[in-house]
Amino acid sequence: MKTTSFLLLGSAVVALAAGGAALAQGRPNTSDQPIGYGADSGELTNTAVSLRGRAEIQQGQTRLRANAIEGARDASGGLTRIEATGDVYYVTPNETIRGDRAIYAVNDATVTVTGDVILTQGQNVLTGASLTYNVDTGQARIQGGGTGTNAGRVRGVFYPEGAD
């Protein structure tokens, strides 16, 4: 399978295409805000958190939603890694990322989303097979792949600022 790599400076490129300032500069820091969660069922142990059925985690205006979310906890009870599966949506005030599976590594603030990935920022859209997104900087790297007519391709539509 041929894979096309496409390095995208996420928000900066989208902002450049839109003719505006980089979104990363206006990115709110939500790490000190409380974390809320919900699901149809859940389990909390000393080392893990498991949410099943309409699972959702929210911190500030950032939300992760999926069919299931599993979190690994360290000795102090803090989350170190979150894995979401099934109809995954990662939503911030500036971006929405959709895919089949996502892994959030807390230590490097990176979300890796795989499976028919769609990143939208306003009207701008970027699609591919996998996306790595830094939640602190807004930088994103997307790769093509998969099967079918567009196999191996990354696609996007960017609207210049002022375009309708």
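**Reading strands, hairpins and positive phi**

Analyst: Ten bridges join β8 to strand β9 (residues 124-134), and the two run antiparallel. Keep in mind that this is a predicted model.

User: Happy to start there. Which residue in β9 is the bridge partner of I118?

Analyst: That partner is T127. You can look at the turn next: the hairpin of β8 and β9 has two residues between the strands, and G122 takes a positive phi near 65° there.

User: Which other strands does β9 pair with?

Analyst: Let's take them one at a time. With β10 (residues 140-143), β9 pairs in the antiparallel sense over four bridges. In that pairing, S130 stands opposite Q143. With β11 (residues 155-157), β9 is joined by three bridges, again antiparallel. Here L126 has G156 as its bridge partner.

User: How many residues lie between β9 and β10 in their hairpin?

Analyst: Five, and G138 in the turn has a positive phi of about 85°.

User: Those are glycines. Where do I find a positive phi in a residue other than glycine?

Analyst: Try D87, with phi near 45°, and A109, with phi near 55°. When you meet such a residue, check its place in the fold and then its exposure. D87 sits in strand β6, which covers residues 79-91. A109 belongs to the loop between β7 (96-105) and β8 (110-121).

User: And are they buried or exposed?

Analyst: For this step you need the cut-offs: buried means under 20% relative accessible area, exposed means over 50%, and partly exposed is in between. D87 has a relative accessible area of 42%, so D87 is partly exposed. A109 counts as buried because its relative accessibility is 7%.

User: Now let me zoom out. What is the secondary structure of the whole protein?

Analyst: One helix and eleven strands. Follow the sequence and you read β-α-β-β-β-β-β-β-β-β-β-β.

User: How much of the protein counts as buried?

Analyst: Of its 164 residues, 33% are in the buried class. For the outside, the protein exposes about 9,200 Å², and carbon and sulfur atoms supply 50% of that area.

User: One last feature, the contacts. What share joins residues at least 24 apart?

Analyst: Start from contacts between residues at least 6 apart in sequence; 39% of these join residues at least 24 apart. To practise, go back to β9 and trace its pairings in the viewer, with ten bridges to β8, four to β10 and three to β11.

Terms used. Residues are numbered from 1 along each chain as its sequence is written. This is a predicted model: local features need pLDDT of at least 70, side-chain atom pairs count only at pLDDT 80 or more; totals for chains, interfaces and linings use all residues. Side-chain values use heavy atoms; hydrogens and water are left out. Buried means under 20% relative accessible area, exposed over 50%, partly exposed in between (1.4 Å probe, protein chains only). Two strands pair if DSSP finds at least two bridges between them. Contact means heavy atoms within 4.5 Å. Accessible areas come from the Shrake-Rupley method with a 1.4 Å probe; for residues, only the protein chains shown count as cover.
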